[in-house]
Amino acid sequence: MIGNFVTLKRPDYEVTGTLLCSFLTTKKAERFVVHCPPAGFLIANRESLTISPMVGLHIDDSTLTYLFEIGDKVEKINGYRYPGIVVGNFTSLTLNNVFRSHYVVEAINDYAGMLHIFTEEQLSLRLSPDR
């Protein structure tokens with residue numbers, strides 16, 4: 001299923017992309033990351049996806065190591081404050097053919113449950129206490 005083309009249907013639009021990863025939120029809800037150029041990465045639930053038998057680009061990231069692991073408490077380094085827990089990770093290939101690690105982070109505290117996708121460079125392990 002990972003690497004397959006999918007159609008993501010929302011009430012006001014429909015896009016086609018490649019399924020990059022699946023993950024469970026802290027409340028055990030299954031979610032998926034879909035790469036939909038030029039929109040970028042979108043997070044979807046199973047009900048909004050139609051999976052095609054056609055396979056697109058699939059990156060075998062089993063030999064790659066991730067800086068952060070599922071369950072790590074992290075925070076965004078710059079800009080707005082975003083403390084959270086890593087619930088998913090995946091690798092993309094840039095236009096320059098460079099592998100890039102991405103993390104799905106579920107917010108804790110004020111925005112509990114909200115999901116964002118960050119790159120490795122945008123995050124650090126969370127050292128400060130929860131507020």
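1. Buried here means under 20% relative accessible area. By that cut-off, buried residues make up 37% of the 131 residues in the chain. Note that this is a predicted model.

2. Secondary structure first. The chain has 10 strands and zero helices. Read from the N terminus, the order of elements is β-β-β-β-β-β-β-β-β-β.

3. Overall dimensions come next. The radius of gyration of the chain is 15 Å, and a compact globule with 131 residues would have one near 14 Å, so the two agree. The C-alpha trace spans about 45 × 35 × 25 Å along its principal axes.

4. On contacts across the sequence: take those with a separation of 6 or more. Of these, 45% are accounted for by residues 24 or more positions apart.

5. Surface and charge can be taken together. The chain has an accessible surface of about 8,000 Å². Carbon and sulfur atoms hold 55% of that surface. The chain carries 12 positive and 14 negative charges. The mean positions of the two sets lie 6 Å apart.

6. Now the interior. The largest nonpolar core has 10 residues: Tyr 66, Phe 68, Val 74, Tyr 82, Val 86, Tyr 103, Val 105, Ala 107, Phe 118 and Leu 123. Strand β8 gives the most to this core, with three residues. A second, separate core has nine residues, including Leu 19, Phe 32, Val 34 and Cys 36.

7. Val 105 is a member of the largest core. Leaving out residues up to four places away in sequence, Val 105 touches Val 74, Tyr 82, Gly 84, Ile 85, Val 86, Met 114, Leu 115, His 116, Phe 118 and Leu 123. Val 74, Tyr 82, Val 86, Phe 118 and Leu 123 also belong to that core.

8. Tyr 82 deserves its own point. Its place is in the loop between β6 (73–76) and β7 (83–93). The relative accessible area of Tyr 82 is 2%, so this residue is buried. Neighbours within four places in sequence aside, Tyr 82 is in contact with Val 74, Glu 75, Lys 76, Val 105, Glu 106, Ala 107, Met 114, Leu 115, His 116 and Phe 118. From Tyr 82 to Leu 127 the C-alpha to C-alpha distance is 13 Å, with their positions 45 residues apart in sequence.

9. Ser 101 is found in strand β8. Its relative accessible area is 16%, and the cut-off for buried is under 20%, so Ser 101 counts as buried. Apart from residues up to four places away in sequence, Ser 101 touches Tyr 66, Phe 90, Phe 118, Thr 119 and Glu 120. Of these partners, Tyr 66 and Phe 118 are listed in the largest nonpolar core.

10. Check the backbone at Lys 28. This residue is not a glycine, yet has a positive phi of about 65°. Lys 28 sits in the loop between β2 (13–24) and β3 (30–36). Exposed means over 50% relative accessible area, so Lys 28, at 63%, counts as exposed.

11. Check Asn 109 as well. Its phi is positive, about 70°, although Asn 109 is not a glycine. The residue lies in the loop between β8 (99–107) and β9 (115–119). Asn 109 has 26% relative accessibility and therefore counts as partly exposed.

Definitions and conventions:
Residues are numbered from 1 along each chain as its sequence is written. This is a predicted model: local features need pLDDT of at least 70, side-chain atom pairs count only at pLDDT 80 or more; totals for chains, interfaces and linings use all residues. Side-chain values use heavy atoms; hydrogens and water are left out. Helices (H or I, at least four residues) and strands (E, at least two) are DSSP runs, numbered from the N terminus. The radius of gyration is taken over C-alpha atoms; the globule rule is 2.2 Å times the number of residues to the power 0.38. Buried means under 20% relative accessible area, exposed over 50%, partly exposed in between (1.4 Å probe, protein chains only). Contact means heavy atoms within 4.5 Å. Accessible areas come from the Shrake-Rupley method with a 1.4 Å probe; for residues, only the protein chains shown count as cover. Lys and Arg count as positive and Asp and Glu as negative; His and the chain ends are not counted. The place of a charge is taken as NZ of Lys, CZ of Arg, CG of Asp or CD of Glu. A nonpolar core is a set of buried Ala, Val, Leu, Ile, Met, Phe, Trp, Tyr and Cys residues joined through side-chain atoms within 4.5 Å.
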